[in-house]
Every structure is written in structure tokens, then in C-alpha cells.
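Q: Please take a close look at a single part of the structure shown below. I should like one connected account that starts from one residue and works outward to its surroundings.

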Amino acid sequence: MPLLSRLRRLFSLPTGPSGLAEIARSTTVLETCPVRPVSAPCTSALSHPERNPFRDWESMPVTVSQYALRDVVLDQPLMTLLHAGHPVTETAYVQDPEAVRNLKLRPADIVRCAPFKGVIASCVDHWASNFYHWVAHTIPTLHVLSQAGRPVRLVLPEHMHPWQFETLELFGLSDDTHIRLQQGRQYAFKTLDYITFVNGSADFAVSDLSRDAYARLRQAAGATPKPAGRHLYIERGSSANRHVPNEAEFAEGLEQLGFERVHPETLSLSEQIRLFSDAGMVMGMLGAGMANIAWCQPGTLVYELVPSHHINPCFATMATQGGLKYWADVFETGAARENHTDDAAIPLPVADILDRVRELVALLPDA
């Protein structure tokens, strides 16, 4: 299946009777994201350019808006809004269309939220515990909200990781008045703000607001203004999915080429930010750990290995947004289904990938 068809199927939203613009009492356009080509290194110096599925990729033109809504209900299981008893389908981020069509108000599950003298805002999708989703959807949203000049009450998941609490601290949004969503409940709001970063519509857009949010966190975390040129490999190791059978062998080969094997999930958010801000080159397989390229400084070289059963340009876009140099190669996994979870059945072609790494390292300014 062609790449664009895969993406449309993955991120398509079901149709419905009402949209955010139709039900909003006011709409603020925050930015209009232009079309940008991927920032690739010198491709004429690289063999087998056809292995890169994103060499001709361009970001998508997207308008990011903030909607001030009235009389809406947030369904926690689907993290989808309802208005007048109907689902607001633009908020149904990669949910099963049938489940969204069947979504109804459940009076026994409704929690009525008290009015607030400020902004109440939804800021997470239904994968809030995933680091990529937090970085791509929630962090830009928090950046916008923290600059509103008004008190902010956030709608957050019940269970949060330490790095999520740390994010709030870095943005100056730590507060015990935030709403923590309980499993299975529905939350009724007289007023609620919704910024479209949350629904994933800007995942393949080059956003100045996102870039500014990441730069702001770099500064708040105490990152040095000039990268140290470290070469980092994000090891999947104990990740829950998309394992490859010979990653340890591959990682050892990278160590011999001067790469540090890193496990971002073992570090605090500030430690992750400082580490990746120091990088001259980052390498990894498609996965949440790659979201740490958000902290890389302009000019850093990113090399991504993309599994053949989940070809997704989210990190090509993030790299382009940050002014990074980006290259990707697809590796065959032997997985029978197109999805984002299956493990690879075929070992990595270690020698071929190490040859590519040598080619890319040779393009670095200090090589």
C-alpha cells in the first residue's frame, strides 16, 4: 500500500454531524504551517538512496487553532468530546470509527466540572502515557496555554509519569487544581478550550510553535547553547513492541564506531533534554525514544531505521521542524501485518547499516 494511503487510513477521522469550528463560541488561529521539504544531508554522497522512503517527503500544510467550546463532555475511554450528545469527530484521534459512531452520553458516569476563572483546557490524547504523543501533542499545547496570561486548569490523565510532572514544572504549570481523569468516566464542562495539536492533525506539519516549545524546554532544563557533538544510539532494549532479534549485535557494532548506547526512559526529562541537546548525531529505530530529537540543536544529523510494516514520517517531520539533517532507511521485518506493534521476524542487515552509518558520519562537519 502506498505511503500516503497508509497515513490517510491511520490518521483519518470519521465524519460526523458537528465539528470544532461549528460548535466553538470563538476560534483563534495560532499558526499556519507551510509545506517544507525534508532537510536531507548531501544525498549525492550516499549509496542506495532508494532505501529512504522519505527522501522526497514534504510536510503537510496545516492550520493550528484554539477553540473555545461551551457545554461539551469529554469521554475518558476514547478521549473524544461530545456536544449535544453527539461525538465531535475531530477530537477522535485514531479511534475506531465504529466506536466513535456508537459513543453516547452515559449519565451514570458523568462528572460535572466546576466553573473556573481562567482557561480549562484538554491537553492529552488517549495515548497520554506514550512519550512521543506527550512531546508532539501535549508539550506544544502546554507552551501555548502557559503564555495565555490567565490561570490555567489542565485536563490530565489520572496516572502520570515523573517526566510528565517535570514537564509541568518546567512550564510553570504545576498546580493541584488540575483535573485528573478517572477510568471510564465522562466529564461535563461549561467551558473548555481545545488546541488542535491534541488531535494529531499537526503530526506531519512543520510548526513554529512546537519548535519554540522545545527550545523553551531546552533553556529551562539548562542545556548548553552549543552541542558537544556526541553520537547517540537509542537502544530499544526492553521496549514493549517492534523488537528486532539481533539489536544487541547491532548496538555493539555502533559502539565500535563511537556511538553511546542510551536508554532515555531511564533518565529524567531534564537529563534527556540535556543529553540530546549535546548530540551531533542521533540514530535509532522508529519509536517513542526518537521523540528526543525534539531537543537536538539545529544541524544535528538524525538517522532513523524504519520498519517495513510501519512506515511513518513523524520523525522526518520533527527533524525538518528543528532544522536537523535527516536520513532514513527501511529495513525489512518480515511482519505479516501493517501496524505499529509487531516485532521483526528478520534480523537487521548489520553490515549494510554500519556501512550507511560510516557514510553519514563522513558527512559531519568535524569528520
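**Helix α8 and its surroundings**

A: S277 belongs to helix α8, which covers residues 269-277. The model is a predicted one, and the description that follows is to be read accordingly. S277 has a relative accessibility of 0% and therefore counts as buried, the limit being under 20%. Beyond the residues within four places of it in sequence, S277 makes contact with R218, A223, T224, P227, W295, C296 and Q297.

Q272 lies in the same helix, α8. Its relative accessible area is 3%, so Q272 too falls under the 20% limit for a buried residue. With residues up to four places away in sequence set aside, Q272 touches F131, P264, L267, N292 and W295. W295 thus appears among the contacts of Q272 and also among those of S277.

The burial extends to most of the helix. Because 7 of the 9 residues of α8 are buried, the rest of the structure largely encloses this helix. The buried residues are L269, S270, Q272, I273, L275, F276 and S277. In general, an α-helix has 3.6 residues a turn, so residues three or four places apart point the same way.

The buried residues of α8 pack against three helices, namely α4 (131-146), α5 (162-170) and α6 (208-220), and against three strands, β10 (230-234), β11 (260-262) and β12 (279-285). These neighbours may be taken in turn, beginning with the strands.

Strand β10 is mostly covered, with 4 of its 5 residues buried. It runs parallel to β12, to which 5 bridges join it, and parallel also to β11, through 3 bridges. I234 of β10 illustrates both pairings: this residue stands opposite G284 in β12, while its bridge partner in β11 is V262. As a general point, side chains in a regular strand alternate between the two faces of the sheet.

Helix α5 is another neighbour of α8. The buried residues of α5 are W163, Q164, E166, T167, L168 and L170. Their cover includes α8 itself, together with α4, α6 and strand β7 (152-157). After α5 comes G172, which has a positive phi near 70°.

W295, already met as a contact of S277, also leads to the nonpolar interior. The largest nonpolar core has 86 residues, and W295, F189 and I293 are those with the most contacts inside it. Helix α4 contributes the largest share of this core, 9 residues. A separate core, apart from this one, has 22 residues, including L254, L305, W327 and L354. In soluble globular proteins, nonpolar side chains tend to be buried together. As for I293, this residue touches V282, V302, F315, M318, A319 and L324, leaving out residues up to four places away in sequence. One of these contacts, V282, lies within the range of β12 (279-285), a strand against which α8 packs.

Helices α4 and α6, both packed against by α8, also take part in enclosing empty space. In general terms, rolling a probe the size of a water molecule over the atoms shows where such space is left. Over the whole structure, 4 cavities of 30 Å³ or more are found. The largest cavity holds about 110 Å³ of space. It is lined by 13 residues, of which A136, A202, D203, A205 and Q321 are the closest to its centre. At least two lining residues are supplied by each of α4, α6 and α9 (314-321), and α9 provides the largest share, 4 residues. By class, the lining comprises 8 nonpolar, 4 polar and 1 charged residues.

In summary, α8 is a helix with 7 of its 9 residues buried, set against the helices α4, α5 and α6 and the strands β10, β11 and β12. Among its residues, S277 has 0% relative accessibility and Q272 has 3%.

Key
Residues numbered from 1 in each chain as written. Predicted model: local features only at pLDDT ≥ 70, side-chain atom pairs only at ≥ 80, totals over all residues. Heavy atoms only, no water. Buried < 20%, exposed > 50% of the residue type's maximum accessible area, 1.4 Å probe, protein only. Contact = heavy atoms within 4.5 Å. Core = buried A, V, L, I, M, F, W, Y, C linked by side-chain atoms within 4.5 Å. 1 Å grid on protein atoms, 1.4 Å probe; cavity = no way out; pocket = protein on both sides within 12 Å on 5 of 7 lines; lining within 4 Å. Points joined across faces, edges and corners; volume = space filled by probe spheres on them. Nonpolar A, V, L, I, M, F, W, Y, C, P; charged D, E, K, R; others polar. Pairing = 2+ DSSP bridges.
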